[in-house]
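Thanks for coming. I will take a few minutes to walk through one structure, starting with a single residue and then moving outward.

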Amino acid sequence: MGDIASEGPSKKKCLGVDCDNDAEALQCPTCLKLGMKDGFFCSQDCFKKSWTEHKTVHKTAQGKTQDGILRKIIPPKVVSEPDPVTGLYNPFPTYSFTGSVRPVYPLSPMRTLPKSIRRPDWSETGIPKAERRLNRMKIDILDAEGQEAMRKVCRLAREVLDITAAEVRPGITTDHLDEVCHKACVERDAYPSPLNYNHFPKSLCTSPNEVVCHGIPDQRILLDGDIVNLDISIYHGGYHADLNETYYVGDRARADPDSVRVVETTRECLDMAIELVKPGTLLRDFGKVIEKHANSRNCAVHTTWGGHGINTEFHPPPWIPHYGKSKVPGVCKPGMTFTIEPILTLGKPREVYWPDEWTNVTVDGKRTAQFEHTLLVTETGVEVLTARLDNSPGGPIPIPTTDNGNSA
Ligand SMILES: [Zn+2]
Ligand SMILES: [Zn+2]
């Protein structure tokens with residue numbers, strides 16, 4: 001679906017919600033003012049109907065998360081003085097951050113891809129139109145051909161994650177990881193699914209320490225003692241793959257009992273949930289084992305974020321909770337593909353957003369970890385389509401004991 005690259009550059013699509021028409025020369029005046037050249041609609045009517053949803057685009061443009069051109073047109077209201085030597089700055093100097101991680105701008109310009117790479121529908125407009133139109137009750141079952149396509153894209157996604165994760169060490173920036181991920185996608189004829197998805201500006205999500213998820217790669221340097229989640233999603237052959245892992249940055253992180261406790265417990269929670277996957281398992285059962293194991297290690301489960309279906313669409317139904325007392329309907333059936341991706345925290349499982357409207361952090365600044373796989377339900381059980389390879393970076397380590405000899 002949504003092979004927009006084949007439509008050619010001259011035929012713009014109407015941005016209207018649920019509208020498939022080609023756009024006329026009618027442009028949103030606010031978009032024009034903001035220097036955005038993509039605000040085309042098919043009619044005045046369609047523009048009016050779509051206004052409530054469309055206007056969020058303007059907010060994002062003003063949210064300082066866009067490329068350098070936009071930032072020149074609308075300078076952010078409050079900016080700290082860029083460092084005279086490096087030019088780096090904190091775009092939200094008056095925001096009260098909950099932990100120690102800070103955004104370090106400027107973001108690098110949005111990365112580009114060869115025209116030949118097949119794109120999802122949001123690559124040009126920033127809006128996942130087909131995905132928003134899906135019937136949220138209908139769970140797709142893939143035939144043999146679809147399953148084979150999922151195997152392929154998931155294997156490529158594993159390669160991209162491993163190549164990117166091999167770069168994790170103290171002193172490199174998350175923007176560098178984004179560059180490595182982007183290049184690895186291009187080399188595999190794949191589109192990095194996050195790029196321009198609801199206007200996300202980068203090709204992967206990098207979430208250090210108290211960042212729960214959806215961190216934007218920027219000029220922040222990874223520090224010895226950080227933990228960082230790399231969330232990779234790619235689109236190839238008309239299908240999406242999605243996986244993530246949390247990595248230790250340097251030896252200090254590996255020696256910190258609390259960091260290792262949250263990381264390893266989350267890894268184990270995902271593995272325990274995957275063991276349940278087979279035809280007949282209720283989708284609400286994964287959360288029970290995840291929450292139980294998390295609590296046994298004095299960790300808490302974030303309930304805002306869940307796993308999701310994944311196939312020709314990035315986030316189709318079902319939605320999969322990671323907490324115990326859920327009433328979500330749905331049963332595993334052969335041919336279903338979905339993700340499980342628990343997020344655990346050392347503190348309160350509540351989140352707030354940075355002003356970039358993407359970076360989701362814990363309210364108390366405590367650290368979180370996440371692991372994710374894309375799974376295929378088979379006739380007898382499960383195939384972990386994004387499984388680790390023998391030489392994958394990262395992997396489990398023992399939880400260090402604290403001074404009093406107890407396991408942390
Ligand atoms: Zn993911
Ligand atoms: Zn996901």
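N209 counts as buried, because 24 C-beta neighbours fall inside 10 Å, and the cut-off for that label is 20 or more. Before going on: this is a predicted model, so please hear every value as computed from it. N209 sits in the loop between β4, residues 205–208, and β5, residues 211–213. Its phi is near 50°, which is a positive value in a residue other than glycine. As background, most residues other than glycine have a negative phi.

H214 is a second case of this kind. Its phi is near 65°, again positive in a residue other than glycine. H214 is found in the loop between β5 and β6, where β6 is residues 227–236. Is H214 buried or exposed? H214 counts as buried, because there are 20 C-beta neighbours inside 10 Å and the label needs 20 or more. Leaving out residues up to four places away in sequence, H214 touches C205, S207, W358, T359 and N360.

H214 also comes up in the annotation. In an unreviewed entry, UniProt has a "binding site" annotation that covers H214 and H315. H315 lies in the loop between β9 and β10. H315 is buried too, with 20 other C-beta atoms within 10 Å. Its contacts, not counting residues up to four places away in sequence, are E131 and H308.

H308 brings us to the other "binding site" annotation. From the unreviewed entry, UniProt lists D242, H308, E341 and E372. These are spread over 131 residues of sequence, yet they cluster in space, with a largest C-alpha distance of 10.6 Å.

I will take two of them in turn. D242 is in strand β7, which runs over residues 239–248. D242 is buried, with 27 other C-beta atoms within 10 Å. Setting aside residues up to four places away in sequence, D242 touches S233, I310, T339, E372 and T374.

Where is E341? E341 lies in the loop between β11, residues 337–340, and β12, residues 343–345. E341 is buried as well, with 24 other C-beta atoms within 10 Å. Not counting neighbours within four places in sequence, E341 is in contact with N244, G307, Q370, F371 and E372. So E372, itself on the UniProt list, appears among the contacts of D242 and among those of E341.

β11 leads on to a sheet. An open sheet of three strands has the order β11-β16-β17, and the pairing is antiparallel. β11 and β17, the latter being residues 382–384, stand at the edges with a single partner strand each, so one side of each is left without a neighbour in the sheet. On average, neighbouring strands of this sheet are turned by 35° against each other, direction ignored. β11 and β16, residues 373–377, pair in the antiparallel sense over four bridges. Within that pairing, I340 stands opposite H373 in β16.

Next, a helix. α8 covers residues 144–165. How many residues does α8 have, and what should they span? There are 22 residues, and at 1.5 Å a residue they should span 32 Å; the end C-alpha atoms are 31 Å apart, which agrees. The buried residues in α8 are Q147, M150, V153, C154, L156, A157, R158, V160, L161 and T164. In an α-helix there are 3.6 residues a turn, so residues three or four places apart point the same way. What covers the buried residues of α8? The cover includes α9, residues 174–187, together with β6, β7, β11 and β16. Of these, β7 is the strand that holds D242, and β11 and β16 belong to the open sheet.

Last, two peptide bonds to look for in the model. In general, most peptide bonds are trans. The bond from Y105 to P106 is cis, with omega near 5°. P106 is in the loop between α5, residues 68–73, and α6, residues 122–125. A second cis peptide bond joins P317 and P318, with omega about 5°. P318 has its place in the loop between β9, residues 307–308, and β10, residues 319–320. H315, covered earlier, is in the loop between β9 and β10 as well.

That is the tour, and I can take questions now.

Technical notes: Residues numbered from 1 in each chain as written. Chains lettered and ligands numbered in written order. Predicted model: local features only at pLDDT ≥ 70, side-chain atom pairs only at ≥ 80, totals over all residues. UniProt positions renumbered as here; feature names shortened; annotations may be inferred. Helix = DSSP H or I, 4+ residues; strand = E, 2+ residues; numbered from the N terminus. Buried ≥ 20, exposed ≤ 12 C-beta atoms within 10 Å, placed from the backbone. Contact = placed C-beta atoms within 7 Å. Pairing = 2+ DSSP bridges. Axes fitted to C-alpha atoms, helices over the stretch in contact; angles between N-to-C directions. Expected span 1.5 Å × (residues − 1).
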